[in-house]
Amino acid sequence: MAAAVLLAGGGGAYLAAGAAGDSGGGTAPGANGDPAPPPLALDGHSESGPAGIAPGEPNPYGATYRADGTLPEGPDSAPVFHARGQVTEDRVVALAKALGMEGEPVAEGGSWRIGGQDGSGPALRVDQRAPGAWTFSRNIPGSDNCKGATCKAPAGTNTPAVSEAAAKKAAAPVLKAVGQDDAKLDASQVLDGRRVVNADPEVGGLPTYGWTTGVVVGAGGEVVGGSGRLAEPVKGDDYPVVSAREALDAMNGAPGAGGRVEIGGCATPVPLDEGQSQEEPCVPAAKPAGDTVSVDEAVFGLAAHAVDGRPALVPSWLFEVRPAGSESPFTVTHPAVAPSFLAPPEGSGQRPGEEPSGPGDEPTSAPATREVEVEGYTAEGDELTVAFTGGVCADYEATASESGDEVTVRVTETSRPGEVCILIAKQYQETVRLDAPLGDREVVDAKGEPVPLHKEGARLPAPRTR
């Protein structure tokens with residue numbers, strides 16, 4: 001994404017335009033004789049707040065987060081975990097077996113597929129490229145009751161959901177197949193008689209946020225849907241990290257800080273039954289300027305972000321917060337990597353650790369552009385529609401170039417400098433017209449990698465926050 005969520009899971013993921021440098025890295029600082037790890041190209045994030053806002057002062061851009069007690073210091077350093085490599089057939093077969101499926105994986109447009117070829121029966125699809133995003137649908141026959149972008153259960157469907165214990169038991173083989181059998185579970189969510197088991201794994205001994213696996217258990221106790229990531233994150237460089245207090249001060253001083261709120265009840269992707277439409281992603285509401293939000297707890301962990309345009313788990317502080325007058329807490333995450341080790345946005349002319357100019361010191365920067373990963377496509381006649389994840393703070397344009405045996409698609413993101421808005425991931429679709437119908441030509445991205453066929457999917461509520 002530019003960032004996680006969502007990628008995917010856990011309630012939301014943040015993004016904005018801009019990436020800089022190659023922060024892929026080894027296993028630890030100095031592993032190759034270097035005195036320090038390379039600057040981390042954390043897409044769409046800036047640690048430095050606007051000039052003139054002192055720590056603890058009201059932030060005109062959003063909410064003020066206040067912690068009355070002592071906040072933890074945390075470790076001196078922590079690693080970034082990257083999504084690298086390919087997902088092998090045997091991992092896909094093991095997951096399919098846990099889901100009660102049989103058959104050999106078929107390579108199809110950058111993904112592995114088992115079942116679902118004719119649109120009926122169970123279907124499992126796994127991205128071949130790490131992090132190996134997977135979706136599963138039992139495709140139980142039923143009536144289609146969709147209005148607009150929202151699908152509802154048929155009238156009269158009042159079958160009670162299974163108990164939390166039964167749902168966790170049904171989900172256990174699936175979670176073991178994806179390496180999350182020791183993850184923290186939440187089975188409190190119920191959707192139309194189906195109980196959702198959400199698993200938040202530990203990675204490198206740290207809790208994660210935004211890396212959730214969701215397993216949907218039907219009223220009969222069978223697994224009817226799910227989604228998550230199959231590839232295990234790979235440990236990268238260790239980075240110096242800041243304390244919870246420093247992260248909180250940075251959050252209060254950052255433009256739009258109040259919009260980086262992740263509220264329980266948003267969604268993570270899972271497939272719908274065949275024939276249903278996709279619900280729009282839930283967009284967490286920004287807290288208006290002047291609101292005071294109390295911090296109940298701060299936990300050091302890993303949060304899903306994008307590094308160099310690829311999914312990663314970044315050392316972060318996970319704050320459980322509560323708005324004034326509210327009984328419902330939610331979670332806000334903020335990167336804990338020391339600001340001097342963050343790469344500045346591309347085209348900013350700023351070096352790592354260098355403070356940006358204050359408002360009015362320099363002319364407004366020009367819009368920045370970058371290419372966005374194309375996640376899937378559909379074709380009808382001479383129209384090709386591409387799907388991708390973007391933010392609400394940028395503009396997008398899709399283009400296609402054709403040859404005899406393939407069509408190369410590109411999606412370009414253009415930022416809107418100076419605009420304050422919610423940094424939240426959202427799925428988009430853009431259509432381009434081809435010179436001729438696609439036919440049997442292959443669709444590839446700008447790097448020549450195959451683009452998979454796009455399949456619509458629903459979105460599940462996020463698990464309860466810690």
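In what order do the eight strands of the open sheet stand, and in which sense do they pair? The legends below take up this sheet and other parts of a predicted model.

**Figure 1. Overview of the predicted model.** The protein holds three helices and 27 strands. Of its 466 residues, 49% are buried. Among contacts between residues at least 6 apart in sequence, 70% join residues at least 24 apart. The exposed area of the protein is about 20600 Å², of which carbon and sulfur atoms supply 48%.

**Figure 2. The open sheet of eight strands.** The strands follow the order S3-S4-S5-S6-S14-S13-S10-S9, and their pairing is antiparallel. Strand S3 (106-108) and strand S9 (184-191) are the edge strands, each pairing on one side only. On average, and with direction ignored, neighbouring strands of this sheet are turned by 15 degrees against each other. Helix H1 (residues 89-98) packs on the sheet, where it touches strand S4 (111-115), strand S5 (123-127) and S6. The direction of H1 makes about 150 degrees with that of S5.

**Figure 3. Pairing of strands S6 and S14 within the eight-stranded sheet.** Strand S6 comprises residues 133-137 and strand S14 residues 223-229. Five bridges link the two strands in the antiparallel sense. Ala-133 has Arg-229 of S14 as its bridge partner.

**Figure 4. The largest nonpolar core.** This core has 31 residues. Those with the most contacts inside it are Val-92, Leu-95, Leu-99, Leu-124, Val-126, Trp-134 and Leu-230. Two or more residues each are given to the core by H1, S4, S5, S6, helix H2 (164-177), strand S10 (194-200) and strand S13 (213-217). Helix H2 supplies the largest share, six residues. With residues up to four places away in sequence not counted, Leu-95 touches Leu-124, Val-126, Trp-134, Val-174, Ala-177, Val-178 and Leu-230. In soluble globular proteins, nonpolar side chains tend to be buried together.

**Figure 5. The second nonpolar core.** A separate core of 29 residues is shown, including Tyr-65, Trp-211, Val-295 and Leu-313. Leu-313 of S18 is also the bridge partner of Phe-81.

**Figure 6. Strand S18 and its pairing partners.** S18 is mostly covered, with 13 of its 14 residues buried. Strand S2 (residues 77-82) pairs with S18 in the antiparallel sense over two bridges. S17 and S18 run antiparallel and are joined by 14 bridges, and Val-307 has Arg-310 in S18 as its bridge partner. S18 and S19 likewise run antiparallel, joined by six bridges. Within this pairing, Leu-318 stands opposite Thr-333 in S19.

**Figure 7. The two hairpins that involve S18.** In the hairpin of S17 and S18, two residues lie between the strands. Asp-308 in the turn has a positive phi of about 55 degrees. In the hairpin of S18 and S19, six residues lie between the strands, and Gly-325 takes a positive phi near 80 degrees.

**Figure 8. The surroundings of helix H3.** Helix H3 (residues 244-253) is largely enclosed by the rest of the structure, because seven of its 10 residues are buried. Under 20% relative accessible area is the criterion for buried. The buried residues of H3 are Ala-244, Ala-247, Leu-248, Ala-250, Met-251, Asn-252 and Gly-253. Their cover includes strand S1 (64-66), strand S17 (292-307), strand S18 (310-323) and strand S19 (330-335).

**Figure 9. The open sheet of three strands.** The order of the strands is S21-S22-S25, and the pairing is antiparallel. Strand S21 (374-380) and strand S25 (426-433) stand at the edges with a single partner strand each, so one side of each is left without a neighbour in the sheet. Neighbouring strands of this sheet are turned by 25 degrees against each other on average, direction ignored. Strand S22 (residues 383-390) and S25 run antiparallel and are joined by eight bridges. Glu-383 stands opposite Arg-433 in S25.

Methods. Residues are numbered from 1 along each chain as its sequence is written. Side-chain values use heavy atoms; hydrogens and water are left out. Buried means under 20% relative accessible area, exposed over 50%, partly exposed in between (1.4 Å probe, protein chains only). Helices (H or I, at least four residues) and strands (E, at least two) are DSSP runs, numbered from the N terminus. Contact means heavy atoms within 4.5 Å. Two strands pair if DSSP finds at least two bridges between them. Axes are lines fitted to C-alpha atoms, for helices over the stretch in contact, and angles run from 0 to 180 degrees between N-to-C directions. A nonpolar core is a set of buried Ala, Val, Leu, Ile, Met, Phe, Trp, Tyr and Cys residues joined through side-chain atoms within 4.5 Å. Accessible areas come from the Shrake-Rupley method with a 1.4 Å probe; for residues, only the protein chains shown count as cover.
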